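Work through the exercises below with the model open beside you, and try each task before you read its solution.

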Amino acid sequence: MKVTFKIWRQDKPQAKGAFKEYQVDELTEDMSFLEALDHLNERLVLRGEKVIAYEYDCREGICGQCGVFINGRAHGPHPNITTCQLHMRSFKDGDTIVVEPWRANAFPIVKDLIVDRSAFDRIIEQGAYISAKTGTAPEANAILIGKAIADRAMDAAACIGCGACVATCKNSSAALFTAAKINHLNSLPQGKPEAHQRVLDMTAQMEREGFGHCSFTGACEVECPAGISIANIAEMNARQGKAQLLG
Ligand code: FES
């Protein structure tokens with residue numbers, strides 16, 4: 001299999017970037033997309049050229065590190081998967097594949113396909129935790145949680161923080177990410193003591209980071225590898241209104 005990769009190259013944050021084309025052969029349909037990029041990088045090393053910088057860690061859809069835009073879509077042509085779960089069989093022999101980094105003001109480019117997503121970390125720091133006394137782990141059934149609530153919390157907790165929601169949103173909104181992190185903890189009894197402060201602090205940080213406002217297009221839900229529903233955003237907004245009323 002032979003394809004042409006058209007890849008965004010940018011040496012450093014302030015440098016002017018540009019697309020560069022690479023013809024790559026000896027690929028197989030069974031290769032993952034990241035293996036194909038590895039293959040290209042090996043060729044670049046042999047030619048004494050600078051390798052393409054991109055991020056990954058788990059390569060199994062868990063860590064959220066590997067996000068890039070592929071042919072104009074976050075994580076490539078299929079909904080609800082990560083870039084590392086994409087395989088070359090999703091493309092045809094002779095295809096040109098355009099690869100670029102997430103584009104959002106709050107995610108500045110570090111190098112080539114790598115962006116700085118520490119804005120997400122700073123939102124998390126504002127409240128994606130619970131305060132509990134340390135010591136022996138409590139008995140598992142000491143706090144009973146109904147299945148519907150547990151399911152809702154677990155669904156929200158599935159967010160891997162990849163940033164596809166921001167990258168695919170025309171407003172570069174981080175509402176889906178922030179809502180998932182808030183609803184995960186605010187749904188559960190363990191998260192209740194700090195529930196109001198959590199939603200106020202995390203949404204305030206989201207604003208400070210320069211993410212856009214959500215206009216409910218639903219694009220984020222389509223591309224989210226964890227399938228986080230935009231119903232979470234409505235729930236976050238309701239929680240925010242309540243927290244503002246109750247001070
Ligand atoms: S490398 Fe971990 S989600 Fe893709």
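The domain bounds used here come from an automatic or database domain assignment. This is a predicted model, in which local features need pLDDT of at least 70 and side-chain atom pairs count only at pLDDT 80 or more, while totals for chains, interfaces and linings use all residues. Residues are numbered from 1 along each chain as its sequence is written, and side-chain values use heavy atoms, with hydrogens and water left out.

**Exercise 1.** Find the two domains and describe how they meet.

Solution. Begin with the division of the protein, which gives domain 1 (3-110) and domain 2 (118-246). Taken over C-alpha atoms, the centres of domain 1 and domain 2 are separated by 29 Å. Next look at the contact (heavy atoms within 4.5 Å), to which domain 1 brings 18 residues and domain 2 brings 19 residues. Then turn to buried area, the accessible area (1.4 Å probe) that two parts lose on being put together, summed over both. Domain 1 and domain 2 bury about 1,300 Å² between them, and 58% of this lies on carbon and sulfur atoms. Of the area that domain 1 buries against domain 2, 36% is supplied by Asn80, Ala106 and Phe107, more than by any other three residues.

**Exercise 2.** Identify the salt bridge between the domains.

Solution. Apply the rule that a side-chain nitrogen of Lys or Arg must lie within 4 Å of a carboxyl oxygen of Asp or Glu. The count between domain 1 and domain 2 is one salt bridge. In the model, the side chains of Arg73 and Glu223 meet in a salt bridge, with 2.9 Å from N to O.

**Exercise 3.** Locate the largest pocket and name residues that line it.

Solution. On a 1 Å grid over the protein atoms alone, a pocket is an open set of points where a 1.4 Å probe fits, with protein on both sides within 12 Å along at least five of seven lines, and lining residues have an atom within 4 Å of a point. A volume is the space filled by probe spheres set on the points, which are joined across faces, edges and corners. The largest pocket holds about 250 Å³ of space, and its lining residues include Ile130, Lys133, Glu139 and Gln190.
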